[in-house]
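Biologist: Please pick one charged side chain in this model and describe closely what lies around it. Which elements does it connect, and where does it sit?

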Amino acid sequence: SEWREYKARLGKLYTSITVKISQPLALEQKGRAIVRFVQSYSSDQVTDLGEKTLHLVNRNGEWKILSETWRADESPDARAAIDPAPKAETKTTSAAI
């Protein structure tokens with residue numbers, strides 16, 4: 001309930017929130033799971049990039065967040081995970097001999 005209240009306060013505080021995730025990794029065993037991913041969070045007041053880890057439990061068929069941790073990561077690898085560089089365009093030409 002505290003987490004929901006916190007998220008509700010954020011929803012009222014910021015006029016816009018955008019969250020992007022990439023490279024999710026999930027491990028699940030016996031109704032418990034750990035999910036880790038790179039997250040880009042931006043609002044009209046805050047912007048950050050890093051790694052988020054969620055600890056989940058399955059209760060009556062629904063996954064619930066037990067805890068979450070956050071580690072800021074502004075490295076080039078983290079940035080590339082969220083906004084990969086566009087692939088280089090290749091052109092094929094033929095020449096008559």
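**A close look at glutamate 68**

Modeller: Glutamate 68 is partly exposed, with a relative accessible area of 31% (buried is under 20%, exposed over 50%, partly exposed in between, with a 1.4 Å probe on protein chains only). The model is predicted, so local features need pLDDT of at least 70 and side-chain atom pairs 80 or more, while totals for chains, interfaces and linings use all residues. Residues are numbered from 1 along each chain as its sequence is written, and side-chain values use heavy atoms, without hydrogens and water.

Glutamate 68 forms a salt bridge with lysine 52, at 3.3 Å from N to O (a Lys or Arg side-chain nitrogen within 4 Å of an Asp or Glu carboxyl oxygen). Glutamate 68 belongs to strand β4 and lysine 52 to strand β3, so this pair links parts of the chain 16 residues apart (strands are DSSP runs of E, at least two residues, and helices runs of H or I, at least four, numbered from the N terminus). Unlike its partly exposed partner, lysine 52 counts as buried, at 10% relative accessibility.

The two strands are also joined along their backbones: β3 and β4 run antiparallel, with 10 bridges between them (pairing takes at least two DSSP bridges). Threonine 53 has threonine 69 of β4 as its bridge partner. The open sheet has 4 strands, ordered β1-β2-β3-β4, with antiparallel pairing. β4 and β1 are the edge strands with a single partner each, so each has one side without a neighbour in the sheet.

Glutamate 68 also helps to line the second largest pocket, together with residues including Ser1, Trp3, Arg4 and Trp63 (a pocket is an open set of 1 Å grid points with protein on both sides within 12 Å along at least five of seven lines; lining residues have an atom within 4 Å of a point). β4 supplies the largest share of this lining, 6 residues, and α1 gives at least two.

Lysine 64, which lines the second largest pocket as well, has a salt bridge of its own with glutamate 62, at 3.2 Å from N to O. Lysine 64 is partly exposed at 30% relative accessibility, and glutamate 62 is partly exposed at 46%.

In the whole structure there are 6 salt bridges. Elsewhere, Arg36, Glu51 and Arg71 are linked in a network of them. Aspartate 83 pairs with lysine 20, with the closest N and O atoms 3.2 Å apart. Aspartate 83 lies in the segment after α2 (76-82) and lysine 20 in β1, so the pair ties together parts 63 residues apart in sequence.

Key. 1 Å grid on protein atoms, 1.4 Å probe; cavity = no way out; pocket = protein on both sides within 12 Å on 5 of 7 lines; lining within 4 Å.
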